[in-house]
Each structure stands twice: as C-alpha cells, then as structure tokens.
Amino acid sequence: MEHFRPDVLISEEDINLRIDDLARAINTEFAGEEIVVICILKGAFMFCSDLIKKLELPVRLDFMQVSSYGEGTVSSGNVKLEMDVSENLKDQNILIVEDIVDTGLTINTLVEMLKVRNPKKIKLASLLFKPSRNKFPVNIDYLGFEIEDKFVIGYGLDYAGRYRELPYIGVLNAGN
Ligand code: IMP
C-alpha cells in the first residue's frame with residue numbers, strides 16, 4: 001500500500017501551544033471542582049489525551065462513541081449512539097471533548113443525550129470548527145481552531161478509518 005503524505009494544515013507544535021491555552025482556561029473555570037471529561041470516540045482520542053495531561057483538576061475520564069459519517073466525507077444525517085458513558089452524570093461538571101464541529105448535528109444530539117442525565121454543567125471543547133458548514137447552532141466553550149471547508153485528517157481524525165495516527169492536522173489533496 002502506498003504511503004500517503006497529506007499537506008499540513010495545523011502543525012503538531014501549533015496544536016500543542018493551542019492546547020496549553022485551552023487547558024489554562026479550563027483550569028481557571030473549574031478551579032477547585034471535579035470534572036467528568038467525556039472523550040468522543042474515535043476522533044477526539046488524541047486531542048483528549050493531550051488536553052487532560054495539562055489539567056490541574058480532579059478528572060474522571062469517560063468515553064462515548066457516536067457515528068454519522070460511515071465511510072464517506074459527507075455526514076449521513078443520522079447520529080447513532082455506539083457506546084455510552086459508564087459514569088453516573090447526575091450533578092457532575094461535564095466537559096465534552098470533540099474533534100471537530102462541522103454541521104453541528106453530532107454535538108447537538110450528544111448534548112441532548114447528556115442533558116437528560118441532569119448534570120450540573122455541560123461544557124464543550126472542540127479542537128476544530130468549520131463555520132461555513134455549520135447548520136445546527138453550537139456553543140463551543142473551548143475552541144482550538146476555526147478552519148475552512150476542507151476535509152481534514154490526522155491527530156485523531158480519519159478518512160475511511162485511516163490517518164488517525166498522524167501527529168498533525170492534514171488535508172486530503174488531489175496530488176496524493
Ligand atoms: P457534524 O455532525 O456534521 O458536526 O460532524 C461531526 C463529526 O463528523 C466529527 O465528530 C467527525 O467525526 C466528522 N467530521 C466532520 N468533518 C470532518 C473532517 O473534515 N475530517 C474528519 N472527520 C470529520
């Protein structure tokens with residue numbers, strides 16, 4: 001199989017520096033409180049792992065998995081819950097950690113699923129946001145980067161299940 005080399009859109013170093021800023025803001029907002037970090041699988045695993053290393057708070061980590069894309073680059077429009085959290089979320093401070101907000105459908109569906117469990121607070125950290133594609137309004141409390149309407153891969157994000165291992169955010173290009 002050929003080795004694919006995407007163009008770099010956001011470097012490993014820039015991601016790291018931005019995560020420092022986000023962690024600082026989260027540490028300030030939740031100072032003295034415990035939080036339940038919900039990592040949205042699979043795409044957010046790398047971002048979440050780097051982010052929580054920089055938190056200076058009592059953290060409980062949990063995971064949820066939803067799917068909406070299948071094998072393509074266009075959302076199917078249906079969000080399916082594949083795996084649920086194992087923690088009791090009642091009266092907890094929740095920080096959802098997501099890879100990217102595109103149309104906003106996934107995150108809106110997730111927030112609705114979590115609200116009914118009566119948490120104290122729900123906050124959202126997303127590494128990426130594509131404003132030009134947004135259809136369902138989303139309030140991103142901690143945003144890494146706004147990006148143009150390009151399909152991105154790497155740093156957890158995939159195309160048809162591949163490229164999650166890249167340490168940077170790259171763009172699929174015609175030449176590769
Ligand atoms: P939304 O429901 O349209 O906001 O899509 C959010 C989900 O789609 C994300 O959690 C990603 O899994 C996936 N996604 C959206 N845009 C991209 C992209 O450019 N690259 C890889 N995955 C993406």
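Student: Is K150 buried, partly exposed or exposed in this predicted model?
Tutor: The model is predicted. The relative accessible area of K150 is 34%. Buried means under 20% and exposed means over 50%. K150 therefore counts as partly exposed.

Student: Which residue meets the side chain of K150 in a salt bridge?
Tutor: The two side chains come to 3.9 Å, N to O. A salt bridge needs the nitrogen within 4 Å of the carboxyl oxygen. The partner is exposed, with a relative accessible area of 56%. The partner of K150 is E148.

Student: How many salt bridges does the structure hold?
Tutor: The pair K150 and E148 is one of them. R164 with D158 is another, the closest N and O atoms being 3.4 Å apart. The number of salt bridges in the structure is 18.

Student: Is R164 buried or exposed?
Tutor: R164 forms a salt bridge with D158. At 22% relative accessibility, D158 is partly exposed. R164 has a relative accessible area of 18%, and the cut-off for buried is under 20%. So R164 is buried.

Student: Which residues do salt bridges that share partners join into one network?
Tutor: Shared partners link separate salt bridges into one network. Its members are E29, K121, K123 and D141.

Student: Which residue forms a salt bridge with R24?
Tutor: R24 is exposed, with a relative accessible area of 52%. Its partner lies in helix α1 too, 3 residues apart, about one turn of the helix. Residues three or four places apart point the same way, because an α-helix has 3.6 residues a turn. The closest N and O atoms are 3.4 Å apart, and the partner is D21.

Student: What does helix α1 reach from its first C-alpha to its last?
Tutor: Helix α1 covers residues 12-29, which is 18 residues. At 1.5 Å a residue, the expected value is 26 Å. The helix comes close to that, reaching 26 Å.

Student: Within what arc do the buried residues of α1 fall?
Tutor: The buried residues are I15, I19, L22, A23, I26 and N27. Seen down the axis, they line one face of the helix, because they fall within an arc of 135°.

Student: Which residues are exposed on the other side of α1?
Tutor: One face of α1 is lined by its buried residues. R24 lies on the other side, and its relative accessible area of 52% is over the 50% cut-off. The exposed residues there are E13, R24 and T28.

Student: Which element gives the largest share of the largest nonpolar core?
Tutor: The core has 32 residues, and I26 is among those with the most contacts inside it. Several elements each supply at least two residues, including α2 (45-53), β5 (93-101) and β9. The largest share is 5 residues, and it comes from α1.

Student: How many of the 9 residues of β6 are buried?
Tutor: β6 (121-129) supplies at least two residues of the core. This strand is mostly covered. The number of its residues that are buried is 7.

Student: Which residue in β6 is the bridge partner of I96?
Tutor: β5 and β6 run parallel. They are joined by 8 bridges. The partner of I96 is L124.

Student: Which strands are the edge strands of the open sheet?
Tutor: The sheet has 3 strands in the order β1-β9-β8, with antiparallel pairing. An edge strand here pairs on one side only. The edge strands are β1 (7-10) and β8 (152-153).

Student: Which residue in β9 stands opposite I10?
Tutor: β1 and β9 (residues 169-171) pair in the antiparallel sense. They do so over 3 bridges. The residue opposite I10 is I169.

Student: What kind of aromatic pair do F151 and Y159 form?
Tutor: A search of the whole structure finds 1 aromatic pair. The ring centres of F151 and Y159 are 6.0 Å apart, and their planes are at 80°. Planes over 60 degrees apart count as edge-to-face. So the pair is edge-to-face.

Student: Where is E87?
Tutor: E87 is partly exposed, with a relative accessible area of 23%. E87 and D50 are 21 Å apart in space, C-alpha to C-alpha. The place of E87 is the loop between β4 (80-83) and β5.

Terms used
Residues numbered from 1 in each chain as written. Predicted model: local features only at pLDDT ≥ 70, side-chain atom pairs only at ≥ 80, totals over all residues. Heavy atoms only, no water. Phe/Tyr/Trp six-rings, centres within 6.5 Å; stacked < 30°, edge-to-face > 60°. Pairing = 2+ DSSP bridges. Helix = DSSP H or I, 4+ residues; strand = E, 2+ residues; numbered from the N terminus. Expected span 1.5 Å × (residues − 1). Buried < 20%, exposed > 50% of the residue type's maximum accessible area, 1.4 Å probe, protein only. Arc of directions from axis to C-beta. Core = buried A, V, L, I, M, F, W, Y, C linked by side-chain atoms within 4.5 Å.
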